[in-house]
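Got your viewer open? Let's take a short walk through this structure, one selection at a time.

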Amino acid sequence: FIELPETELYGVADLDQARLNTVQERYPQVQLFTRNYREFFECGLDAVVVATPPHTHHRIVRECLENGLHVLVEKPLTLTSSDALDLVQTAERHGRVLMVGHTFEYNSAVRALKQMIDSGELGEIQYIDAVRVSLGLFNAHLNVIWDLAPHDISILLHLLGTMPESVAAQGTSCVQNGVEDVAYVTLRFPNNVLAHMRLSWLDPSKIRRITVVGSKKMVIYDDVENQEKIKVYDKGVTAIRHTDTFGEFNFAYHYGDIVSPYIRFEEPLRVECKHFAECILEHKRPLTDGYNGLRVVEILEAAQKSLRNGGGLHAYTPTVHWNGHHPLVFQPA
């Protein structure tokens, strides 16, 4: 925010004095607040960023909105859909911008992948596989689903423009009893599109990869890759009925080129912060607004219920209907 011409960073509040010392060394002009973020309410500010532990989000964000501040809050928006809906309604009631830090929706590679899907270049989407694993960082309060899955869920909703019809999750606690550090989550979307996520804090390699398989082409998006973040595989297979006898098919395989398109990279966090400022200045709805955060929390809740029920399929009705762009109708909370 210091680097953006649209904004001026006024102050930082943190309970950790060491973090404040680091801020002061780098940005001596910034005001520091050690214990009470409510002092911000008397400073004549326009907006705040809430990057605190998720269990504090609802209380802090609500106070900020009620005191006339626009808010950018880190993921997940809250830990319950009822709290998320409350923040959405509070922001609307006070006419404030509420934006959630689903940073990957501002990633140029993810946006390029969405353009490929929307243009029909990949054909009909058949399934998506997402892997987000590494060694650490362990969390004593939230399991790996609540920590890592918000990234991939927000990407999936962005790419497909719709909510899943059902969610199933299985996981295990390897290091801390009762806190799952490895999980597998399956989402079934309309048109029989299956999406699968592998999530782990306990893996020897850092992998951030999404594979999208279409009826015409396949794509791998690798966020760890420095240069070729997207590779398009002109490959596929088609079943062709060979005779009128039931069950007898031939399969036509197609092998084409592997292409890595040039994608102009811009730091996603910078794009996100700039978008937040523009939404405030131009009175626009953020791409990752409160409804976006609510949808992700609802899916996380469904995954958590499935996890507790031994991995069974969990169908649910979203709080807010969605047409891929804007909320349509509230259901009873």
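Which residue does Val 71 stand opposite in β5? Select Val 71 and look across: Leu 98 in β5 is there. A word before we go on: this is a predicted model, where local features need pLDDT of at least 70, side-chain atom pairs count only at pLDDT 80 or more, and totals for chains, interfaces and linings use all residues. Residues are numbered from 1 along each chain as its sequence is written, and side-chain values use heavy atoms, with hydrogens and water left out.

**Stop 1: strand β4**

Now select residues 70–74, which make up strand β4. Strands here are DSSP runs of E with at least two residues, and helices are runs of H or I with at least four, numbered from the N terminus. Four of the five residues in β4 are buried (under 20% relative accessible area, 1.4 Å probe, protein chains only), so the strand is largely enclosed by the rest of the structure.

Add β5, residues 98–101: β4 and β5 pair in the parallel sense over four bridges (pairing takes at least two DSSP bridges). To get from β4 to β5, the chain passes through helix α3, residues 81–94, in a right-handed β-α-β crossover. Right-handed means that, with the strands pointing away from you, the path from the first strand over the helix to the second runs clockwise.

Next, pick β3, residues 47–50, which runs parallel to β4 and is joined to it by four bridges. Ala 47 stands opposite His 70 in β4. Show helix α2 (residues 57–66) as well, and you have another right-handed β-α-β unit: β3, α2 and β4.

**Stop 2: a pocket**

Select Lys 75, Leu 137, Asp 147, Leu 148 and His 151. Of the 25 residues lining the second largest pocket, these are the closest to its centre. A pocket is an open set of points on a 1 Å grid over the protein atoms alone, where a 1.4 Å probe fits, with protein on both sides within 12 Å along at least five of seven lines; lining residues have an atom within 4 Å of a point. The largest share of this lining, four residues, comes from α5.

**Stop 3: Ile 258**

Finally, jump to Ile 258 in strand β13, residues 249–259. Is Ile 258 buried or partly exposed? Partly exposed (from 20% to 50%), with a relative accessible area of 48%. Leaving out residues up to four places away in sequence, Ile 258 touches Lys 231, Val 232 and Tyr 233 (contact means heavy atoms within 4.5 Å).
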